[in-house]
Amino acid sequence: MDNNINSIQKRESVKRDYNIIADEYSAEFGRKYEDIEVVEEFMSKLKADSKILDLGGGTGKLTELFIQRGYNAICYDFSKEMMRKSKEFYPNVPYILDDMIEHFENNSFDVIITFYSLFHIPKEELDKVFSNIYDLLKQNGVLCFVVQLGNGEDFIDEPYLKENGKKVLYFNFFTKEQINELLQKHNFQKIYEIEKEEVGENELGEDGNNKIFIIAKKK
Ligand SMILES: C[S@@+](CC[C@H](N)C(=O)[O-])C[C@H]1O[C@@H](n2cnc3c(N)ncnc32)[C@H](O)[C@@H]1O
């Protein structure tokens, strides 16, 4: 990867990419619940009045699911085109258009879910994002996320986005050690972990990397 690219450029490139691919990406994945058994298991353990933030929520499909089950849920994403798709698919999903690097309201959510989005946060900025998540959660609040296992960071092939054959979508892979370090450093206690094998191409068109679901509690 080009080492001259700074973290802001990496993050901005992700926003640009989702704005470009929003229509095609959402047509394929924007309403499909792939990890439904993990989400159902997670939901079954939540308090009835939980306030939930779906960080990097894309079309808001998970936000919609939580709302249908009676929770107070909000989608948060920085791509205005993904927000447009959300308004089309799920007009009742409340949406905040912003970057999760920004610090916002403290102690305001019981639960934060962030599925397939932390792997777009530049490695240098993960501490800031985890610190934001910590602040946003109420005492004993719960964080649930899924990322892809692997090493390092790179621009990967994005099936809907080809720029003269160049790899374009910024991707940050996680080792289990890195995940554990981040959780420990930011005062989260891991309460659940499950690794799932990727079969064939995953939603971003890459072969091979397993995904890992983590649930952690704010200490
Ligand atoms: C692979 S999609 C996943 C969408 C959704 N969570 C799901 O599971 O279907 C990644 C989403 O994260 C959003 N995203 C990436 N980086 C972000 C950031 N720094 N702030 C807010 N949203 C971000 C993208 O705009 C995109 O909608």
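Two residues count as being in contact here if their C-beta atoms, placed from the backbone, lie within 7 Å. Keep that in mind for the tour, and remember as you click around that this is a predicted model.

**Stop 1: the whole chain**

Start with the protein chain in cartoon view. You will find 6 helices and 9 strands. The radius of gyration is 16 Å, close to the 17 Å that the globule rule gives for 219 residues, so the chain is as compact as a globular protein of that length. Along the principal axes, the C-alpha atoms fill a box of roughly 50 × 40 × 35 Å.

Colour by burial if your viewer allows: 36% of the 219 residues count as buried. Now think about contacts between residues at least 6 apart in sequence. Of these, 70% join residues at least 24 apart.

**Stop 2: the open sheet**

Next, select the strands of the open sheet, which has 7 of them. Walk across it in the order β3-β2-β1-β4-β5-β9-β8, and notice that the pairing is mixed. Which strands sit at the edges? They are β3 (95-97) and β8 (188-196), each of which pairs on one side only. Turn the sheet to see its twist, which averages 15° from one strand to the next. As a reminder, strands of a sheet pair through backbone hydrogen bonds, either parallel or antiparallel.

**Stop 3: β9 and its two partners**

Select β9 (residues 211-218) together with β8. This pair is antiparallel, with 8 bridges. Two facing pairs are worth labelling: Glu195 stands opposite Ile212 of β9, and Lys190 has Ala216 of β9 as its bridge partner.

Now add β5 (137-148). β5 and β9 also run antiparallel, joined by 7 bridges. Label Val142 here, and look across to Lys217 in β9, which stands opposite.

**Stop 4: the helix across the sheet**

Keep β5 and β9 on screen, then show helix α5 (residues 126-136) with β1 and β4. Helix α5 lies across β1, β4, β5 and β9. Its direction makes an angle of about 145° with β5.

**Stop 5: an enclosed helix**

Select helix α3 (residues 61-68). How many of its 8 residues are buried? The count is 6, so the helix is largely enclosed by the rest of the structure. The buried residues are Lys61, Leu62, Thr63, Glu64, Phe66 and Ile67; show their side chains, charged ones included.

To see what covers these buried residues, bring in α2 (36-43), β1 (51-55), β2 (72-77) and β4 (109-115), which are among the covering elements. Then step just past the end of α3 to Gly70, where phi is positive at about 95°.

**Stop 6: three asparagines**

Most residues other than glycine have a negative phi, and most peptide bonds are trans. With that in mind, jump to Asn140, which has a positive phi near 65°. Asn140 belongs to strand β5. Is Asn140 buried or exposed? Asn140 is exposed, because 10 other C-beta atoms lie within 10 Å and the cut-off for exposed is 12 or fewer.

Asn187 has a positive phi too, of about 60°. You will find Asn187 in the loop between α6 (176-185) and β8. Asn187 has 13 other C-beta atoms within 10 Å, so it is partly exposed.

For the third, go to the segment before α1 and pick Asn6. With 11 other C-beta atoms within 10 Å, Asn6 is exposed. Try a distance label from Asn6 to Phe174: the two are 168 residues apart along the chain, and their C-alpha atoms are separated by 19 Å.

**Stop 7: the β6 and β7 pair**

Select strand β6 (residues 153-156) and β7, which pair in the antiparallel sense over 4 bridges. Asp154 has Phe171 in β7 as its bridge partner. Now look at both faces of β7 (residues 169-172), since each is covered. Leu169 and Phe171 are buried on one side, and Tyr170 and Asn172 are buried on the other.

**Stop 8: the ligand**

Finish by centring on the ligand, which 20 residues surround. Which of them are the closest? They are Gly56, Gly58, Phe78, Ser79 and Ser117. Then highlight helix α1 (residues 7-29), which gives the most to this shell, with 4 residues. Coloured by chemical type, the shell residues divide into 10 nonpolar, 6 polar and 4 charged.

Notes
Residues numbered from 1 in each chain as written. Predicted model: local features only at pLDDT ≥ 70, side-chain atom pairs only at ≥ 80, totals over all residues. Buried ≥ 20, exposed ≤ 12 C-beta atoms within 10 Å, placed from the backbone. Rg over C-alpha atoms; globule rule 2.2 N^0.38 Å. Near = placed C-beta within 6 Å. Nonpolar A, V, L, I, M, F, W, Y, C, P; charged D, E, K, R; others polar. Pairing = 2+ DSSP bridges. Axes fitted to C-alpha atoms, helices over the stretch in contact; angles between N-to-C directions.
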